[in-house]
Amino acid sequence: MPAERPFDAITVQAILDEALVNRKTFYSHYRDKYDLVRKMADGFFVDIAALVEARKRYDVVPEGPFGAMDALYGSLLAKRRLALALWDVKCEGLDFSGELASIVEGAYLSHFGKVGAGDPVLQAKLASAMVVAMLHYRLEAGEPFAAADIHAELDVLHRRVSGSR
């Protein structure tokens, strides 16, 4: 199934043809194509949440949040085609970028929530918005990058916005 086709243009029949599955088998597992995509996203996020949770247990390791972000990006990159397809689907019960942002917010609060000044919840929301935007940008480009690259881009952005050199 060509990745260029928008989800709304993909029919159940096209899914059946691509997957070499008959209609009865499909409908014994899914109500419709939206149910299929929600279940795919749920499985994807179970994997991502497990990865983040496993990394949190080792956040005392010098890799800190950068290592966790590198692992997250590596996981997304390994499933790049699926991640980008899910990112573009708009349907009730599925907000791929919102769910990813929630995971990043939780990781931020877990790691930084009790240290530093300011409002940690706002900081988590801002950080997750920027990280998710960067992840999407890099996934679309198919470019390898590390969390340190995100940090460098955010540093440049901060210097531009604050007027410092």
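Phe 44 and Phe 96 are both buried in this predicted model. Their rings form an aromatic pair, with 5.4 Å from centre to centre and 50° between the planes, which puts the pair in the tilted class. The two partners come from distant parts of the chain: Phe 44 belongs to helix α3 (residues 33–56) and Phe 96 to helix α6 (residues 96–112), and 52 residues separate them. Nor is the pair on its own, as ring pairs join Phe 44, Phe 45, Trp 87 and Phe 96 into a cluster.

In total, the structure has seven aromatic pairs. Another one brings together Phe 26 and Tyr 30: the ring centres are 5.3 Å apart and the planes meet at 45°, so this pair is tilted. How much of each partner can be reached from outside is also worth a look. Phe 26 counts as buried because its relative accessibility is 5%, and the cut-off for buried is under 20%. Tyr 30, with a relative accessible area of 25%, is partly exposed. A ring can have a charged companion too: Lys 33 sits over the face of Phe 7, 4.8 Å from the ring centre.

Now for the wider setting. The protein chain contains eight helices and zero strands, so to speak an α-α-α-α-α-α-α-α run from the N terminus on. Of its 165 residues, 31% are buried. Among contacts with a separation of 6 or more, 59% involve residues 24 or more positions apart.

The largest nonpolar core is made of 30 residues. Phe 44 and Phe 96 turn up again here, as they are among the residues with the most contacts inside this core, along with Ile 48, Leu 72, Leu 76, Leu 100 and Leu 135. Two or more residues each are supplied by α3, α4 (64–78), α5 (80–88), α6, α7 (120–141) and α8 (147–162). Apart from this core lies another one, of seven residues, and Phe 26 is one of them, as are Val 12, Ala 14 and Leu 16.

Leu 72 gives a good look at the packing. Leaving aside neighbours within four places in sequence, Leu 72 is in contact with Ile 48, Leu 51, Leu 100, Val 104 and Leu 135. One of these partners, Leu 51, is found in helix α3. Leu 51 and Leu 72 are 21 residues apart in sequence, and their C-alpha atoms are 7.3 Å apart in space. With residues up to four places away not counted, Leu 51 touches Ala 71, Leu 72 and Ser 75. Leu 51 counts as partly exposed, because its relative accessibility is 22% and buried means under 20%.

Arg 138 is found in helix α7. Charged side chain or not, the label follows from the number: Arg 138 has a relative accessible area of 13%, so it is buried, the cut-off being under 20%. Its contacts, not counting residues up to four places away in sequence, are Tyr 73, Glu 143, Pro 144, Phe 145 and Glu 153.

Helix α8 has 16 residues and spans 22 Å from its first C-alpha to its last, close to the 22 Å expected at 1.5 Å a residue. Right after α8 comes Gly 163, with a positive phi near 80°. Leu 20 also has a positive phi, of about 55°, although it is not a glycine. Most residues other than glycine have a negative phi. Leu 20 lies in the loop between α1 (12–19) and α2, and it counts as exposed because its relative accessibility is 77%, with the cut-off at over 50%.

Pro 6 sits in the segment before α1. At 51% relative accessibility, Pro 6 counts as exposed, since the cut-off is over 50%. Along the chain, Pro 6 and Val 89 are 83 residues apart, yet their C-alpha atoms are separated by 7.9 Å.

Finally, a word on confidence. The mean pLDDT of the protein chain is 83, and 87% of its residues reach 70 or more. Among the elements, helix α2 (residues 23–29) has the highest mean pLDDT, at 95, and α4 the lowest, at 75. Where pLDDT is low, the predicted coordinates should not be read in detail.

How values were computed: Residues numbered from 1 in each chain as written. Heavy atoms only, no water. Phe/Tyr/Trp six-rings, centres within 6.5 Å; stacked < 30°, edge-to-face > 60°. Buried < 20%, exposed > 50% of the residue type's maximum accessible area, 1.4 Å probe, protein only. Helix = DSSP H or I, 4+ residues; strand = E, 2+ residues; numbered from the N terminus. Lys NZ or Arg CZ within 6 Å of the ring centre and 35° of its normal. Core = buried A, V, L, I, M, F, W, Y, C linked by side-chain atoms within 4.5 Å. Contact = heavy atoms within 4.5 Å. Expected span 1.5 Å × (residues − 1). pLDDT = per-residue confidence, 0-100.
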